[in-house]
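Thanks for making the time today. I would like to walk you through one structure, going slowly from strand to strand, and I will put it on the screen now.

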Amino acid sequence: MQTKPATILIIDDQPATLRSLAQTLQGAHTILVASTGQDALDIARSRSPDLILLDVMLPDISGLDVCRILKADPELNGIPVIFVTARDEAEDEAAGLDIGAIDYISKPFNPPIVRARVRNHLELKHQRDLLERIAMIDGLTGVANRRCFDRTLKNEWRRAMRSADPLALVLADVDHFKAYNDTYGHQDGDDCLRAIARAFEEQTQRSSDLVARYGGEEFVCLLPSTTIDGAGQLASALCQAVRDLAIPHQTSSCGTTVSVSLGVSCVVPHHGLTPDDVLRHADTLLYRAKHAGRNQLVI
Ligand code: GH3
Ligand code: MG
Ligand code: MG
Ligand code: MG
């Protein structure tokens, strides 16, 4: 069942219909209302509702076009749209469902049926959101996984390109981790990765920073709006935080405890450069840190 209260956006140009729909659904939900297509789109963008009830005939943009715009927007197309309309011909309903609406309710509507359909669609949305969150988390360490990192990098890249802000990356690889597993066993190896992930999360302070497990014993920190100096300071803190864990590693060539090597890269994204270029650069620097003796960072 639905756990947290849902936010529902109701769009209709008739004040009486808006009122009766809001009354039908009030109680367990936060209700937002709009009477034009443009307002609806603005509110959808700023409030990301869990569900949209959409009239077809509106004074500015038709409800069908509002739905098309929502479904074409990668950040909004996950919001289920239910048409609530006086246009009750079969072809109208088919057209609405064809452009991506999840359901179609004819006016005059029956309040208990509206409530039941809304409840069912909210429950499905809740389950989908849950699955999506699980699909973004690394099962071993609980930090973001590679899929989440790739997606966030793409979004942050676009954002940084628009704002001409620097975007920094820190790539970290555990030193002599094969030897660690061979000496202490895979179970301790897993514990070690969990401890490093936790330490990295503790060091990254900004809500926009992302720590992800990039691969086996590699982690990556994505740092939006961060200069190379800022990223270097964080990388240095990460390196120290792993030393401070003081996890014994007797078969390491670069100390007696577990350590990491890091590559730090920072760019202001522009055309002609791709996220892969920055990752490759960080990887090259990480490789240099390994060759320079490990347990250190290279910028
Ligand atoms: P280097 O200092 O050059 O990075 O040496 P390394 O031994 O860390 O590098 P290598 O790539 O040879 O070995 C990586 C090791 O990480 C091998 C692999 O078994 C281990 N590893 C990868 N994923 C996991 C995991 O999920 N759990 C455990 N316990 N070990 C893992
Ligand atoms: Mg209307
Ligand atoms: Mg590695
Ligand atoms: Mg390694």
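Let me begin with one pair of residues in this predicted model: Ala 168 stands opposite Cys 266, which belongs to β9. That pair is part of the ladder between β6 and β9, two strands that pair in the antiparallel sense over eight bridges. If you look at how covered β9 is, you will find that seven of its eight residues are buried, so to speak mostly covered.

From β9 we can step across to β10, and here the pairing is in the parallel sense, over two bridges. The residue to look for is Leu 262, which stands opposite Leu 297 in β10.

Now let us go to the other neighbour of β6. How many bridges join β6 to β8? There are seven, and the two strands run antiparallel. Two of the partnerships are worth pointing at on the screen: Leu 171 has Val 220 in β8 as its bridge partner, and Asp 173 has Glu 218 in β8 as its partner. Strand β8, which covers residues 218-224, is mostly covered as well, with six of its seven residues buried.

On its other side β8 meets strand β7, residues 210-215, and these two pair in the antiparallel sense over five bridges. Arg 213, for example, has Phe 219 in β8 as its bridge partner, and the chain passes from β7 to β8 by a hairpin of two residues.

If we put these pairings together, we have an open sheet of five strands, in the order β7-β8-β6-β9-β10, with mixed pairing. The edge strands are β7 and β10, the latter at residues 297-298, and each of them pairs on one side only. Lying across β6, β8, β9 and β10 is helix α9, residues 228-245, which runs at about 165° to β9.

I would like to stay for a moment with a residue of the edge strand, Leu 210, which is found in β7. Is Leu 210 buried or exposed? Strictly it is neither, because Leu 210 has 19 other C-beta atoms within 10 Å, and it therefore counts as partly exposed, where 20 or more would have made it buried. Leaving aside residues up to four places away in sequence, Leu 210 touches Ala 144, Phe 149, Thr 152, Cys 221 and Leu 222. Ile 102, by contrast, is 108 residues from Leu 210 in sequence and 33 Å from it in space, C-alpha to C-alpha.

There is another open sheet of five strands, with the order β2-β1-β3-β4-β5 and parallel pairing. Its edges are β2 (30-34) and β5 (103-106), and since each has a single partner strand, one side of each is left without a neighbour in the sheet. On average, and ignoring direction, neighbouring strands of this sheet are turned by 20° against each other. One of the pairings here is that of strand β1, residues 7-11, with β2, in the parallel sense over five bridges, and within it Ile 8 stands opposite Ile 31 in β2.

Let me turn to two helices. α7 and α8 pack with their axes 7 Å apart, at an angle of about 130°, and they are therefore oblique to each other. On the α7 side the contact is made by Phe 177, Tyr 180, Asn 181 and Tyr 184, and on the α8 side by His 186, Asp 188, Gly 189 and Cys 192. Sorted by class, that contact has four nonpolar, three polar and one charged residues.

Finally, the ligand. Which residues come nearest to ligand 1? Of the 17 residues around it, they are Phe 177, Lys 178, Gly 189, Gly 216 and Glu 217. Three elements each supply at least two residues of this shell, namely β6 (167-174), α7 (177-184) and α8 (186-203). By class, the shell divides into seven charged, five polar and five nonpolar residues.

Note on methods
Residues are numbered from 1 along each chain as its sequence is written. Chains are lettered from A and ligands numbered from 1 in the order in which they are written. This is a predicted model: local features need pLDDT of at least 70, side-chain atom pairs count only at pLDDT 80 or more; totals for chains, interfaces and linings use all residues. A residue is near a molecule or strand if its C-beta atom, placed from the backbone, lies within 6 Å of it. Helices (H or I, at least four residues) and strands (E, at least two) are DSSP runs, numbered from the N terminus. Ala, Val, Leu, Ile, Met, Phe, Trp, Tyr, Cys and Pro count as nonpolar, Asp, Glu, Lys and Arg as charged, and the others, Gly among them, as polar. A residue is buried if 20 or more other C-beta atoms lie within 10 Å of its own, exposed if 12 or fewer, and partly exposed in between; C-beta atoms are placed from the backbone. Two strands pair if DSSP finds at least two bridges between them. Axes are lines fitted to C-alpha atoms, for helices over the stretch in contact, and angles run from 0 to 180 degrees between N-to-C directions. Angles under 35 degrees count as roughly parallel, over 145 as roughly antiparallel, 65 to 115 as roughly perpendicular and the rest as oblique. Two residues are in contact if their C-beta atoms, placed from the backbone, lie within 7 Å.
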